[in-house]
Amino acid sequence: MEPYEVYAIHYAHNANAKRSGAFIGGDPHDGPMPLDYFVWAIKGPDRAFVFDTGFDEPMGRKRGRQFVRSPAVGLEAVGVGPAQVKDVILSHMHYDHCGNYDLFPQARYHVQDIEMAYCTGRCMCHAGLRGPFEEDDVVAMVRKVFAGRVVFHDGVDELAPGLTLHHVGGHSKGLQVVRVWTRRGWMVLASDASHFYANMEEGRAFPIMHSHEATLEGYATMRKLASTPNAIIPGHDPQVLQRFPAARAGLEGIAVRLDVEP
Ligand SMILES: [Zn+2]
Ligand SMILES: [Zn+2]
């Protein structure tokens, strides 16, 4: 099995986030806990996958996030031209993971059955549950269903040798993580199955969730799937940019290479 190269592509930031907002029940030592926003590139010998697609500048303004640069910049820099990408995997349908659809005109989108059911069904009648979803994103995905550009998955599925999808739920009902074979063994791209290293390491869930139980079980599932605990990559932790080296000189803060020892 050929190992994949895996990159985290940085595109946005939230400087205003607080520790009390990062853990259910808050945090006794409140203070700043900024979030970074990423998409991920998974490069095989003859095929590349993009995991999550981020949001664009207008959405960053609407949501009060600091848009740094289009995810396309980092993807191009690691040799993954968005216009040529054939397969996009979406962890879930929250606004910060499924926008920028115009960048990927050739892609099929891989989502879990239950995530599409969740974001188009009765749960969206509740303001408290629909907050992280954007109507336009959901409608755009429905249109892709009718255009034959969506591939549905139910639970665990293999996209290619060494690349599997795993439904964990929790944070969103149909949240899936990616397990990928790399030269340092099995890596898990958690996306929002763990926003920060601290969520999974301390067993303290991020407060946005569909199920607390599934969120906590998701941490255990990811530990089983990854060869080592440090091969689980959280979805929003600024430490990812510090722990891993730039994809190459000049890409500091733009793209880091994950399939190396941190
Ligand atoms: Zn999310
Ligand atoms: Zn997110």
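# A two-zinc site, nonpolar cores and aromatic pairs

With a relative accessibility of 26%, Trp181 counts as partly exposed. This residue belongs to a predicted model, in which two zinc ions, ligand 1 and ligand 2, lie 3.6 Å apart and are both coordinated by Asp192. The points below take up the metal sites, the nonpolar cores, the aromatic and charged contacts, and the backbone in turn.

**Zinc ion (ligand 1)**

- The zinc ion (ligand 1) takes its protein donors from His92 (NE2), His94 (ND1), His171 (NE2) and Asp192 (OD), at distances of 2.1 to 2.2 Å.
- The arrangement is irregular because the angles subtended by the four donor atoms run from 90 to 173°, whereas a tetrahedral assignment would need all angles between 85 and 135 degrees.
- Along the sequence, the donor residues of this ion follow the spacing H-x1-H-x76-H-x20-D.
- Two of these donors link distant parts of the chain, with His171 in the loop between strand 9 (163–167) and strand 10 (176–182), and Asp192, 21 residues away, in the loop between strand 11 (185–191) and helix 6 (197–202).
- Are His171 and Asp192 buried or exposed? Both of these residues are buried.

**Zinc ion (ligand 2)**

- The zinc ion (ligand 2) is held by Asp96 (OD), His97 (NE2), Asp192 (OD) and His236 (NE2), again with each distance falling in the range 2.1 to 2.2 Å.
- The site of this second ion is also classed as irregular, its four donor atoms making angles of 86 to 152°.
- The donor residues here are spaced D-H-x94-D-x43-H in sequence.
- His97 sits in the loop between strand 5 (87–89) and strand 6 (108–112), while His236 sits in the loop between strand 12 (232–234) and helix 8 (239–243), so this pair ties together parts that are 139 residues apart in sequence.
- His97 and His236 are both buried.

**Nonpolar cores**

- The largest nonpolar core has 43 residues, of which Val88, Leu90, Met93 and Phe104 touch the most other members.
- At least two residues of this core come from each of strand 1 (5–14), strand 2 (35–43), strand 6, helix 3 (113–120) and helix 5 (135–146).
- A separate second core comprises 40 residues, and Phe51, Val188, Ala190 and Val240 are included in it.
- Once neighbours within four places in sequence are set aside, the contacts of Leu90 include Phe51, Tyr109, Val111, Met141 and the zinc donor His97.
- Ala190, a residue of strand 11, counts as buried because its relative accessibility is 0%.
- Beyond residues up to four places away in sequence, Ala190 touches Val177, Met222, Ile232, Ile233 and Pro234.
- Ala190 and Leu251 are 61 residues apart along the chain, and their C-alpha atoms are separated by 23 Å.

**Aromatic pairs and charges over rings**

- How many aromatic pairs does a search of the whole structure find? The search returns eleven aromatic pairs.
- One of the pairs joins Tyr37 and Phe55 in an edge-to-face geometry, with 5.4 Å between centres and 65° between planes.
- Tyr37 lies in strand 2 and Phe55 in the loop between strand 3 (48–51) and helix 1 (57–63), so the pair ties together parts that are 18 residues apart in sequence.
- Both Tyr37 and Phe55 are buried.
- The pair of Trp181 and Trp186 is edge-to-face because the ring planes stand at 65°, with the ring centres 5.1 Å apart.
- Ring pairs also link Tyr11, Tyr37, Phe55, Phe67 and Tyr95 into a cluster.
- Arg63 is placed over the face of Tyr95, one of the rings of that cluster, at 4.1 Å from the ring centre.
- Lys144 is placed over the face of Tyr109, at 5.0 Å from the ring centre, and Tyr109 is also one of the contacts of Leu90.

**Backbone with positive phi**

- Most residues other than glycine have a negative phi.
- Asn100, although not a glycine, has a positive phi near 60°, and Asn100 is found in the loop between strand 5 and strand 6.
- Asn100 counts as buried because its relative accessibility is 12%, below the 20% limit used for that class.
- Ser191 is another residue that is not a glycine and has a positive phi, about 45°.
- Ser191 belongs to strand 11, and with a relative accessible area of 0% Ser191 is buried.

Notes: Residues are numbered from 1 along each chain as its sequence is written. Chains are lettered from A and ligands numbered from 1 in the order in which they are written. This is a predicted model: local features need pLDDT of at least 70, side-chain atom pairs count only at pLDDT 80 or more; totals for chains, interfaces and linings use all residues. Side-chain values use heavy atoms; hydrogens and water are left out. Donors are N, O and S atoms within 2.8 Å of the metal (3.2 Å for Na, K and Ca); water is not among the atoms, so sites may look incomplete. Four donors count as tetrahedral if all angles lie between 85 and 135 degrees; four count as square planar and six as octahedral if opposite donors are over 155 degrees apart and all others between 65 and 115; anything else is irregular. Helices (H or I, at least four residues) and strands (E, at least two) are DSSP runs, numbered from the N terminus. Buried means under 20% relative accessible area, exposed over 50%, partly exposed in between (1.4 Å probe, protein chains only). A nonpolar core is a set of buried Ala, Val, Leu, Ile, Met, Phe, Trp, Tyr and Cys residues joined through side-chain atoms within 4.5 Å. Contact means heavy atoms within 4.5 Å. Rings of Phe, Tyr and Trp (its six-membered ring) pair if their centres lie within 6.5 Å; planes under 30 degrees apart count as stacked, over 60 as edge-to-face and the rest as tilted. A charge sits over a ring if NZ of Lys or CZ of Arg is within 6 Å of the ring centre and within 35 degrees of the ring normal.
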